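Subject: Structure handover

Hello,

Here is the structure I said I would pass on. My notes on it follow below.

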Amino acid sequence: MKPNRNESRRQQQAAENALFQAVISLRTAAECRNFFKDLCTPAELQALVDRWQVVEYLEQDLPYRKIHDLTGVSVTTIGRVARFLADGFGGYRTVIERTRDSDNHASH
């Protein structure tokens, strides 16, 4: 939360929940792409894309330096992504499992 905002923690959580509800209302990758292009600056969107690429490379057990060479993402950011992949809130793992499941269903 920005330090100069006059919102309570409850108001901030309600605003976050509204954003997350908006995201899960999207039905296609195209809708999601358009929403995130409206919501984020190009640099913010690229940062999200970069982090997701890092997750995919970490899942392939690539070394941090190789991931950096492939993506241009700093080793510090790669380490942060790896830390949250291992000990975060479980969001990365949920999406990895669900996208694997959908990939497996699509191939059968």
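A residue counts as buried under 20% relative accessible area, as exposed over 50%, and as partly exposed in between. Arg 93, with a relative accessible area of 30%, is therefore partly exposed. Please keep in mind that this is a predicted model.

Overall picture

The chain has six helices and zero strands, so from the N terminus on the order of elements reads α-α-α-α-α-α. Its C-alpha trace spans about 45 × 35 × 30 Å along the principal axes. Of the 108 residues in the chain, 14% are buried. The exposed area comes to about 8,500 Å², and carbon and sulfur atoms supply 52% of that. For contacts between residues at least 6 apart in sequence, 32% join residues at least 24 apart. As for charge, the chain carries 15 positive and 14 negative charges, and the mean positions of the two sets are 5 Å apart.

Salt bridges

A search of the whole structure gives two salt bridges. In one of them, Arg 93 pairs with Glu 59, with the closest N and O atoms 3.2 Å apart. This pair links distant parts of the chain, since Arg 93 sits in helix α6 (residues 91–107) and Glu 59 in helix α3, 34 residues apart. Glu 59 also meets Arg 100 in a salt bridge, at 2.7 Å from N to O. Because Glu 59 belongs to helix α3 and Arg 100 to helix α6, that pair ties together parts 41 residues apart in sequence. Glu 59, Arg 93 and Arg 100 are thus linked in a network of salt bridges.

How accessible are Glu 59 and Arg 100? Glu 59 has 27% relative accessibility and counts as partly exposed. Arg 100 has a relative accessible area of 43%, which means that Arg 100 is partly exposed as well.

A backbone detail

Most residues other than glycine have a negative phi. Asp 61 is not a glycine, yet its phi is positive, at about 60 degrees. Where is Asp 61 placed? Asp 61 lies in the loop between α3 (42–59) and α4 (64–71). With a relative accessible area of 68%, Asp 61 is over the 50% cut-off and so counts as exposed.

Those are the points I have for the handover.

Regards

Conventions: Residues numbered from 1 in each chain as written. Predicted model: local features only at pLDDT ≥ 70, side-chain atom pairs only at ≥ 80, totals over all residues. Heavy atoms only, no water. Helix = DSSP H or I, 4+ residues; strand = E, 2+ residues; numbered from the N terminus. Buried < 20%, exposed > 50% of the residue type's maximum accessible area, 1.4 Å probe, protein only. Contact = heavy atoms within 4.5 Å. Areas by Shrake-Rupley, 256 points an atom, 1.4 Å probe, with all protein chains shown as cover. Lys, Arg positive; Asp, Glu negative; His and termini not counted. Charge placed at Lys NZ, Arg CZ, Asp CG, Glu CD. Salt bridge = Lys/Arg side-chain N within 4 Å of Asp/Glu carboxyl O.
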